[in-house]
Amino acid sequence: MMKIKLSISLLVIVLLGGIAQTVSAHNSFMSPRVKEGPTSWNAIVFGHGCGENTIIGSSVVFPNFSESPTLQIFNQSSGVFDPTEDTIEMLYDTTMAPFSYVIDRSVFSAGGVKVNDSDEAVGMWVGGGEGVPHSGSGAIKGFISVRFQPGTFVSDSCAAQIQFVLPMVDVCKITTISGFKDGVVSLWMPDGVDTDYVIPGSGHTGELVLTVERDLISNKLPESCKDQKIYKVVPTAKQINTYMPVVINGKRAWPRK
Ligand SMILES: [Cu+2]
């Protein structure tokens with residue numbers, strides 16, 4: 001019985017991996033699945049322009065544990081993520097700030113990190129230069145570099161996987177929020193979070209996810225675990241609304257006020 005349950009959860013993990021691949025036409029991580037422990041020098045790859053338009057800049061919000069993002073757990077019977085009473089500290093060592101902005105002018109000529117009052121990295125932005133033109137065939141790709149320092153899984157938890165959802169926008173024209181529409185921005189927002197960052201009526205949505213996998217050889221699941229648990233870290237609407245705007249030298253650059 002134990003064996004059957006474990007193989008079902010393995011199947012679920014394989015299926016989730018498959019889902020992640022089918023949305024790769026949207027923005028995605030260069031290495032979308034990383035192991036706990038070692039540093040990942042990674043990048044976010046643009047899937048396409050805003051419609052046919054060139055991406056002139058981008059803004060990203062990082063998960064920030066000190067501001068209590070939402071934690072969800074994958075429900076294997078319903079196939080969706082549900083809220084959970086578990087806390088991130090119960091399953092994952094969060095002492096390090098997991099995401100860092102990397103200064104990389106290879107695609108955009110400017111960029112910067114966003115920090116909160118405690119000087120923690122809460123996001124990044126890039127802009128300037130030629131941007132990333134749309135290429136329907138995929139003949140042109142662009143990316144922004146990020147460093148990710150995964151934590152480690154708490155050994156007595158049943159957590160086998162944590163998915164980080166990173167809210168992101170691709171900007172093709174600088175507007176106010178009320179000017180958002182397809183062709184002006186592309187928004188990659190967490191499902192079901194009611195933020196200011198929406199394109200009314202747009203069906204073009206998707207989540208940008210980075211998955212951390214437990215090292216099941218060096219950090220075995222306790223025998224008491226019936227299932228391998230899969231969690232998702234989702235920033236709150238407040239975090240997204242606070243940290244999505246781009247502020248340069250104290251001046252709000254995007255979205256326009
Ligand atoms: Cu897309």
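**Group meeting: hairpins, sheets and core of a predicted model**

I begin with a hairpin: strands S5 and S6 are joined with 4 residues between them, and Gly-79 in the turn has a positive phi of about 80°. The two strands run antiparallel and are joined by 4 bridges, S6 covering residues 80-83. Within that pairing, Ile-73 has Asp-82 in S6 as its bridge partner. Strand S5, residues 70-75, also pairs with strand S15, residues 229-234, again in the antiparallel sense and over 4 bridges. There, Gln-72 stands opposite Lys-232 in S15.

Before going further, I should state that this is a predicted model. The average pLDDT of the protein is 91, and 91% of the residues score at least 70. Over residues 17-24, however, the pLDDT is below 50, and beyond near neighbours in sequence this stretch has 4 contacts in the model. Where pLDDT is low, the predicted coordinates should not be read in detail.

Let me turn to the overall architecture. The protein has 3 helices and 17 strands. Its C-alpha atoms fill a box of roughly 55 × 40 × 30 Å along the principal axes. A compact globule of 257 residues would have a radius of gyration near 18 Å, and the protein, at 18 Å, agrees with that. Of the contacts with a separation of 6 or more, 70% are between residues 24 or more positions apart.

I now come to the sheets. One is an open sheet of 5 strands in the order S8-S9-S4-S12-S13, with antiparallel pairing. Its edge strands are S8, residues 110-115, and S13, residues 185-188, each of which pairs on one side only. From one strand to the next, the twist averages 10°.

At one edge of this sheet, S8 pairs with S9, residues 121-132, in the antiparallel sense over 6 bridges. Along this pairing, Val-115 stands opposite Ala-121, and Gly-111 stands opposite Val-126. S8 and S9 also form a hairpin, with 5 residues between them. Asp-119, in the loop between these strands, has a positive phi of about 65° although it is not a glycine. Is Asp-119 buried or exposed? Asp-119 counts as exposed, because it has 8 C-beta neighbours inside 10 Å.

A further open sheet has 4 strands in the order S1-S3-S10-S7, and here too the pairing is antiparallel. S1, residues 28-29, and S7, residues 99-101, stand at the edges with a single partner strand each, so one side of each is left without a neighbour in the sheet. Inside this order, S3, residues 40-45, and S10, residues 143-148, run antiparallel and are joined by 6 bridges. Ile-44 stands opposite Ile-144 in S10.

Next, the interior. Of the 257 residues, 37% count as buried. In soluble globular proteins, nonpolar side chains tend to be buried together. The largest nonpolar core here has 57 residues, and those with the most contacts inside it are Val-61, Leu-166 and Val-233. Setting aside residues up to four places away in sequence, Val-233 touches Pro-63, Pro-69, Leu-71, Ile-88, Ile-162, Phe-164 and Val-165.

Another residue to inspect is Val-171, in strand S12, residues 168-171. Val-171 is buried, because 25 other C-beta atoms lie within 10 Å. Its contacts, not counting residues up to four places away in sequence, are Ile-55, Ile-56, Gly-57, Ser-58, Val-185 and Trp-254. Val-171 and Val-126 are 45 residues apart along the chain, and their C-alpha atoms are separated by 9.9 Å.

I close with some backbone details. Most residues other than glycine have a negative phi, and most peptide bonds are trans. Ser-68, in the loop between strand S4, residues 55-61, and S5, has a positive phi near 50°. With 13 other C-beta atoms within 10 Å, Ser-68 is partly exposed. Finally, the peptide bond from Trp-254 to Pro-255 is cis, with omega near -15°. Pro-255 is found in the segment after strand S17, residues 251-254, and Trp-254 is one of the residues that Val-171 touches.

How values were computed:
Residues are numbered from 1 along each chain as its sequence is written. Two strands pair if DSSP finds at least two bridges between them. Axes are lines fitted to C-alpha atoms, for helices over the stretch in contact, and angles run from 0 to 180 degrees between N-to-C directions. The radius of gyration is taken over C-alpha atoms; the globule rule is 2.2 Å times the number of residues to the power 0.38. A residue is buried if 20 or more other C-beta atoms lie within 10 Å of its own, exposed if 12 or fewer, and partly exposed in between; C-beta atoms are placed from the backbone. Two residues are in contact if their C-beta atoms, placed from the backbone, lie within 7 Å. A nonpolar core is a set of buried Ala, Val, Leu, Ile, Met, Phe, Trp, Tyr and Cys residues joined through C-beta atoms within 7 Å. pLDDT is the predictor's confidence in each residue, from 0 to 100.
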